[in-house]
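Morning, everyone. I'd like to walk through one model today, from charged pairs to pockets. Have a look at the screen.

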Amino acid sequence: MEMLADMVSRETGLSLQSVINMIKLLEEGSTLPFISRYRKELTGNLDEVEIGKIRDAYYRLQELQKRKETILSTIREQGKLTEELSGKIESCWVSSQLEDLYLPFRPKRRTKATIAREKGLEPLAALLMRQDGAQPERLAERFVKGEVLDSQEALQGASDIIAEWVNESERARNSIRRLFEKEGVITSRVIKGKELDGIKFADYYAFDGILCRMPSHRLLALIRGANEGILRLSVSPEEDHALDQL
């Protein structure tokens with residue numbers, strides 16, 4: 001509890017002792033109105049909004065801790081938990097990053113990559129990933145056998161495996177996530193047939209803008225348009241730049 005309390009204190013900017021006392025009261029079953037009204041001496045006169053911030057942060061970190069324990073247990077049962085991986089998981093307190101670490105070990109449904117591995121194409125994928133100048137078609141010819149009927153099928157299967165590797169790479173996912181944050185473009189298009197119904201959103205019928213520079217009022221208008229079924233929104237970085245980074 002002490003570790004989580006320290007993290008909550010740093011996240012909210014509220015005193016550690018107030019956070020510790022607040023968590024103890026929550027664990028005893030006290031409600032926010034009760035704490036803010038009758039336990040001011042323990043919380044340092046925090047108001048209900050500040051107390052709510054502590055509660056939300058604490059419960060979120062608690063859930064994240066439980067999730068980490070589940071992930072560690074699952075990977076340990078697979079016999080794949082290394083000291084380095086364990087350290088990364090233990091020190092991770094961002095949900096999306098935690099799930100990225102777990103992704104390669106998550107039980108999978110049968111995918112195109114799974115089928116390609118069953119056809120013996122993983123070694124070809126490894127050769128292609130080296131990108132050492134060898135001709136892909138020539139490499140693929142060595143794997144045309146059994147269920148693999150030609151070099152194009154071999155290359156497609158190897159590509160499916162590589163796609164899964166890249167998708168499960170923590171480094172790759174973080175790289176593209178940063179690209180979305182810094183250069184993501186939000187695109188808005190009117191839904192066909194809704195032009196007259198949503199005339200107040202006419203400025204956004206064919207709109208593109210850098211998301212991180214978007215004024216809040218404009219972003220809220222886009223979201224309202226989508227919620228009312230007038231606009232279709234999407235966010236993506238520039239594709240060639242994303243591929244270059246990968």
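D132 is partly exposed, at 47% relative accessibility. This is a predicted model, by the way. What does D132 pair with? Its salt-bridge partner is R130, at 3.3 Å from N to O. R130 is exposed, with a relative accessible area of 55%. The cut-off for exposed is over 50%, so R130 passes it. D132, at 47%, does not, so D132 counts as partly exposed.

Salt bridges also form a network. R67, E99 and R106 are joined into one, through bridges that share partners. Keep R106 in mind for the pockets.

How many salt bridges are there in the whole structure? The search finds 17. I'll take two more of them.

Start with D6 and R10. Their closest N and O atoms are 3.1 Å apart. Both residues sit in helix α1, residues 2–12. They are 4 residues apart, about one turn of the helix. D6 is partly exposed, at 31% relative accessibility. R10 is exposed, at 58%.

Now K108 and E168. Here the closest N and O atoms are 3.0 Å apart. This pair links distant parts of the chain, 60 residues apart. K108 is in the loop between α7 (95–102) and α8 (112–118). E168 is in the loop between α11 (151–167) and α12 (170–183). Is E168 buried or exposed? E168 is buried, with a relative accessible area of 13%. The limit for buried is under 20%, so E168 falls inside it. K108 is partly exposed, at 40%.

That takes us to the pockets. K108 and E168 both line the second largest pocket. R106, from the network, is in that lining too. The other lining residues are L103, P107, R109, T111, A163, E164 and N167. By class, the lining has 5 charged, 3 nonpolar and 2 polar residues. The volume of this second largest pocket is about 170 Å³.

The largest pocket has a volume of about 280 Å³. Which elements give two or more residues to its lining? They are α9 (122–129), α11 and α12. α12 gives the most, with 3 residues. The lining includes L128, M129, I162, V166, R171, A172 and S175. Q245 and L246 are also among the lining residues. By class, this lining has 6 nonpolar, 4 polar and 1 charged residues.

On to the strands. β1, residues 185–190, runs antiparallel to β2, and 5 bridges join them. Where does T187 pair? Its bridge partner in β2 is D208. β2 covers residues 206–210. Which residues of β2 are on the covered face? F207 and G209 are. A206, D208 and I210 are on the uncovered face. In a regular strand, side chains alternate between the two faces of the sheet. So T187 has a bridge partner, D208, that belongs to the uncovered face of β2.

Last, the cysteines. How many disulfides does the count come to? The count comes to 0. Take two cysteines, C92 and C212. C92 is buried, with a relative accessible area of 8%. C212 is partly exposed, at 47%. The buried limit is under 20%, so C92 meets it and C212 does not.

That's my tour. Which charged pair should we put back on the screen?

Conventions: Residues are numbered from 1 along each chain as its sequence is written. This is a predicted model: local features need pLDDT of at least 70, side-chain atom pairs count only at pLDDT 80 or more; totals for chains, interfaces and linings use all residues. Side-chain values use heavy atoms; hydrogens and water are left out. A disulfide is a pair of cysteine sulfur atoms within 2.5 Å. Buried means under 20% relative accessible area, exposed over 50%, partly exposed in between (1.4 Å probe, protein chains only). Two strands pair if DSSP finds at least two bridges between them. A salt bridge is a side-chain nitrogen of Lys or Arg within 4 Å of a carboxyl oxygen of Asp or Glu. On a 1 Å grid over the protein atoms alone, a cavity is a set of points where a 1.4 Å probe fits but cannot get out, and a pocket is an open set with protein on both sides within 12 Å along at least five of seven lines; lining residues have an atom within 4 Å of a point. Grid points are joined across faces, edges and corners, and a volume is the space filled by probe spheres set on the points. Ala, Val, Leu, Ile, Met, Phe, Trp, Tyr, Cys and Pro count as nonpolar, Asp, Glu, Lys and Arg as charged, and the others, Gly among them, as polar.
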